[in-house]
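Subject: Structure handover

Hello,

Here is the structure I said I would pass on. My notes on what was found in it follow below.

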Amino acid sequence: MVTEKLNSTAQKWCCVFLYLLVFGDGGSQVKFLPGFQGPLPFELETGYIGVGESEDVQLFYYFTKSESQPESDPIILWLTGGPGCSALSGLLFEIGPFTLEKEKYNGSLPRIVLNPYSWSKWLNDHPEFISNPFYVAGDSYSGILVPIISQFISDGNEMGIHPQINLQGYMLGNPLTFPEENDYKIQFAHGMALISDELYEVHCNGKYQSVDPSNAKCLQDINTFNELINGLDGAQILDWTCGFAVSMSDDIASQRRRSLHQQLDHHPLSALKCHIDWYRLSYYWADNESVRDALHIKKGSIGSWIRCNLKLQYKTTTWNSIPYHANLSAKGYRSLIYSGDHDMMVPFLSTQAWIRSLNYSIIDEWRQWTVEGQVAG
Ligand SMILES: *[C@@H]1O[C@H](CO)[C@@H](O)[C@H](O)[C@H]1NC(C)=O
Ligand SMILES: *[C@@H]1O[C@H](CO)[C@@H](O)[C@H](O)[C@H]1NC(C)=O
Ligand SMILES: *[C@@H]1O[C@H](CO)[C@@H](O)[C@H](O)[C@H]1NC(C)=O
Ligand SMILES: *[C@@H]1O[C@H](CO)[C@@H](O)[C@H](O)[C@H]1NC(C)=O
């Protein structure tokens with residue numbers, strides 16, 4: 001689901017992005033952030049990039065420098081999933097150098113803390129990276145965008161467009177990739193004992209995408225399936241939803257309109273058990289005028305911040321990024337595809353299936369992965 005407009009501007013966006021990095025104009029430095037104690041310990045820059053012929057659409061970007069050797073460390077262009085989710089959401093809840101303190105909202109501006117798992121640190125053990133290799137990265141819905149944008153950059157390089165981008169590869173987490181993903185969702189639910197053998201096996205023959213409308217039994221099974229998973233958090237089936245299917249296109253804005261009193265009372269015993277409460281903090285933070293000033297957001301350019309804007313207008317041109325993966329790999333680009341094993345929306349089963357369909361030879365067997373000496377996967 002990609003807009004043609006976005007497609008045609010992706011190359012430009014990347015180039016402008018690189019231009020900003022190389023020539024360093026356009027953006028504004030952010031030294032302090034409301035909610036964070038003291039000056040920021042890393043360099044943060046924000047700015048706008050005009051899109052389209054008339055540049056009437058302005059994309060806001062955040063640029064943080066690597067915390068080890070920014071002159072030589074790889075550059076990652078991170079695209080937030082969605083579709084339509086704000087870059088701030090990626091920054092706060094995915095891989096950015098800072099995040100929101102997981103504490104209950106008490107009426108004061110939510111606090112910002114450093115993220116120990118930030119990807120601005122992650123690569124300091126790899127001296128083989130020279131002269132700013134460039135990677136495109138993202139997760140979830142970005143599984144459609146990242147391979148396409150990588151290919152645009154690659155094509156641009158081949159056509160001799162300047163500046164040449166030192167694209168080395170791309171990274172994706174639980175990436176949406178092809179329409180049959182839904183079939184694996186049901187396989188996943190079956191493996192997780194959320195649905196019975198009977199429901200899994202009988203009427204749909206393992207195919208739940210584009211079901212024949214005359215197959216009433218299968219349609220009935222799909223209804224039953226939807227009832228059985230209703231209320232689970234699709235992105236982390238073990239997570240507390242606290243009554244909200246958080247990951248399923250949350251629009252917390254409606255929640256936010258509840259009175260402050262109600263919100264504070266909402267989970268009296270909660271020590272931020274609910275993911276939704278953490279997300280909600282971002283609304284309070286992002287809507288605060290002093291935060292907007294600190295981030296150099298043009299006054300009056302947007303109304304209330306929306307974490308994921310479901311009302312963007314675009315035309316779907318593809319739901320399948322497998323051919324892009326195949327092309328990029330054939331050209332020798334590296335890719336890192338990782339997967340959380342409790343995500344039912346983009347289950348690891350479908351990720352393994354499309355990777356398998358590319359027919360690569362396996363050069364390393366499955367092995368244990370440990371965290372602090374304990375087997376984690
Ligand atoms: C915005 O945050 C500042 C702290 O930086 C705080 O003093 C102010 O009250 C907040 N504004 C609103 C409307 O909450
Ligand atoms: C909310 O909690 C923060 C952090 O503990 C504290 O600094 C602040 O004063 C509290 N605000 C209110 C209104 O109680
Ligand atoms: C993959 O590469 C081939 C050969 O260059 C090209 O014809 C095809 O359009 C590419 N596929 C995609 C999805 O871009
Ligand atoms: C992978 O192998 C299968 C079976 O041999 C074949 O049908 C398919 O086209 C191959 N896919 C690619 C991307 O080469």
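To begin with one of the ligands, ligand 2 has Asn106, Ser108 and Arg111 around it. Please keep in mind throughout that this is a predicted model. Two of these residues come with a distance. A side-chain N or O atom of Asn106 is 2.4 Å from an oxygen atom of ligand 2. For Ser108, a side-chain N or O atom is 2.7 Å from a nitrogen atom of the ligand. On its own, ligand 2 exposes 360 Å², and the protein buries 37% of that area.

Ligand 3 is surrounded by Gln151, Pro323, Tyr324 and Asn327. Sorted by class, this shell holds two nonpolar residues, two polar ones and no charged ones. Helix H11, which runs over residues 322-330, contributes the most to the shell, with three residues. Polar side-chain atoms come close to the ligand at two places: one of Gln151 lies 2.5 Å from an oxygen atom of ligand 3, and one of Asn327 lies 2.3 Å from an oxygen atom of ligand 3. The protein covers 39% of the 360 Å² of accessible area that ligand 3 has when taken alone.

Now the protein chain as a whole. Its secondary structure consists of 12 helices and 11 strands. The chain has 377 residues, and 44% of them are buried. Its accessible surface is about 20300 Å², with 53% of that belonging to carbon and sulfur atoms. Among contacts with a separation of 6 or more, 69% are between residues 24 or more positions apart.

Next, the interior. In soluble globular proteins, nonpolar side chains tend to be buried together. The largest nonpolar core here has 27 residues, of which Leu33, Leu44, Phe98 and Trp285 touch the most other members. Helix H2 (87-95), strand S5 (98-100), helix H9 (275-286) and helix H10 (289-294) are the elements that each give two or more residues to this core. H9 supplies the largest share, seven residues. There is also a second, separate core of 20 residues, with Ile75, Leu77, Leu167 and Leu328 among them.

Leu44 can be followed further. Apart from neighbours within four places in sequence, its contacts include Val30, Leu33, Tyr62, Phe63, Phe98 and Leu295.

H2 is another element to look at. Seven of its nine residues are buried, so the helix is mostly covered. The buried ones are Leu88, Ser89, Gly90, Leu91, Leu92, Phe93 and Ile95. Their cover includes strand S3 (57-64), strand S4 (75-79), strand S6 (112-114), S5 and H9. Where H2 starts, a side-chain oxygen of Ser86 comes within 2.9 Å of the backbone nitrogen of Leu88.

One last residue is Pro116, in the loop between S6 and strand S7 (134-139). Is Pro116 buried or exposed? Pro116 counts as exposed because its relative accessible area is 59%, and the cut-off for exposed is over 50%. Pro116 and Phe98 are 18 residues apart along the chain, and their C-alpha atoms are 8.3 Å apart.

Regards

Methods. Residues numbered from 1 in each chain as written. Chains lettered and ligands numbered in written order. Predicted model: local features only at pLDDT ≥ 70, side-chain atom pairs only at ≥ 80, totals over all residues. Heavy atoms only, no water. Near = heavy atom within 4 Å. Polar contact = N/O pair within 3.5 Å; in protein donor to acceptor, adjacent residues only side chain to side chain. Areas by Shrake-Rupley, 256 points an atom, 1.4 Å probe, with all protein chains shown as cover. Helix = DSSP H or I, 4+ residues; strand = E, 2+ residues; numbered from the N terminus. Nonpolar A, V, L, I, M, F, W, Y, C, P; charged D, E, K, R; others polar. Core = buried A, V, L, I, M, F, W, Y, C linked by side-chain atoms within 4.5 Å. Buried < 20%, exposed > 50% of the residue type's maximum accessible area, 1.4 Å probe, protein only. Contact = heavy atoms within 4.5 Å.
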